[in-house]
Amino acid sequence: IASDSDNVYIEVIGFINTGSFALRAATTSITPIQISSFGTWIPDNISNGSQTKLYYFDAVQGQSYDISWDDAGDGSGIYTGNIIVTAAREDMTTKYFTNYFSGYTTPRNFIAPATERVYLIVEALINEGTFALRVD
């Protein structure tokens, strides 16, 4: 999801199944959660289908970052939620990676092309519940 002053742009990606879908738009505000501590698991929870979590950290140009998440689909076995994660540059339209459902065994890595804010968009995939994020 990205926006400018007058428009909202929604990216639709087939993930597991193809076919018809319905789209409902509503005005809502997501308060971003700052990741201020690298190398530490940040536990949270998410509701199925209706909730998106937005995290951010300030990246430094040329630095490499590993994004990991621990959930029911790929993780330690202590979390109950199953999530997908997208990492976006500050403009929210350019993505480092999109809708990945596995980030525990193999963290997602990128090198920041600029000193700017990076957003991590977390959505429930199958079941709601708990998860944890980590930036190294």
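This passage describes a four-stranded sheet and the pairing of its strand β6 in a predicted model.

The sheet is open, and its four strands follow the order β4-β11-β6-β9, with antiparallel pairing. Its edges are formed by β4, spanning residues 42–46, and by β9, spanning residues 108–111, each of which pairs on one side only. From one strand to the next, the twist averages 25 degrees.

Strand β6, which comprises residues 64–70, pairs with β9 in the antiparallel sense over four bridges, and within this pairing I67 stands opposite R108 of β9. Strand β6 also pairs with β11, the strand of residues 129–135, again in the antiparallel sense and over four bridges; here W69 of the one strand faces its counterpart in the other, standing opposite L133 in β11.

With respect to solvent accessibility, five of the seven residues of β6 are buried, that is, under 20% relative accessible area, and β6 is therefore largely enclosed by the rest of the structure. In a regular strand, the side chains alternate between the two faces of the sheet.

Methods:
Residues are numbered from 1 along each chain as its sequence is written. This is a predicted model: local features need pLDDT of at least 70, side-chain atom pairs count only at pLDDT 80 or more; totals for chains, interfaces and linings use all residues. Side-chain values use heavy atoms; hydrogens and water are left out. Two strands pair if DSSP finds at least two bridges between them. Helices (H or I, at least four residues) and strands (E, at least two) are DSSP runs, numbered from the N terminus. Axes are lines fitted to C-alpha atoms, for helices over the stretch in contact, and angles run from 0 to 180 degrees between N-to-C directions. Buried means under 20% relative accessible area, exposed over 50%, partly exposed in between (1.4 Å probe, protein chains only).
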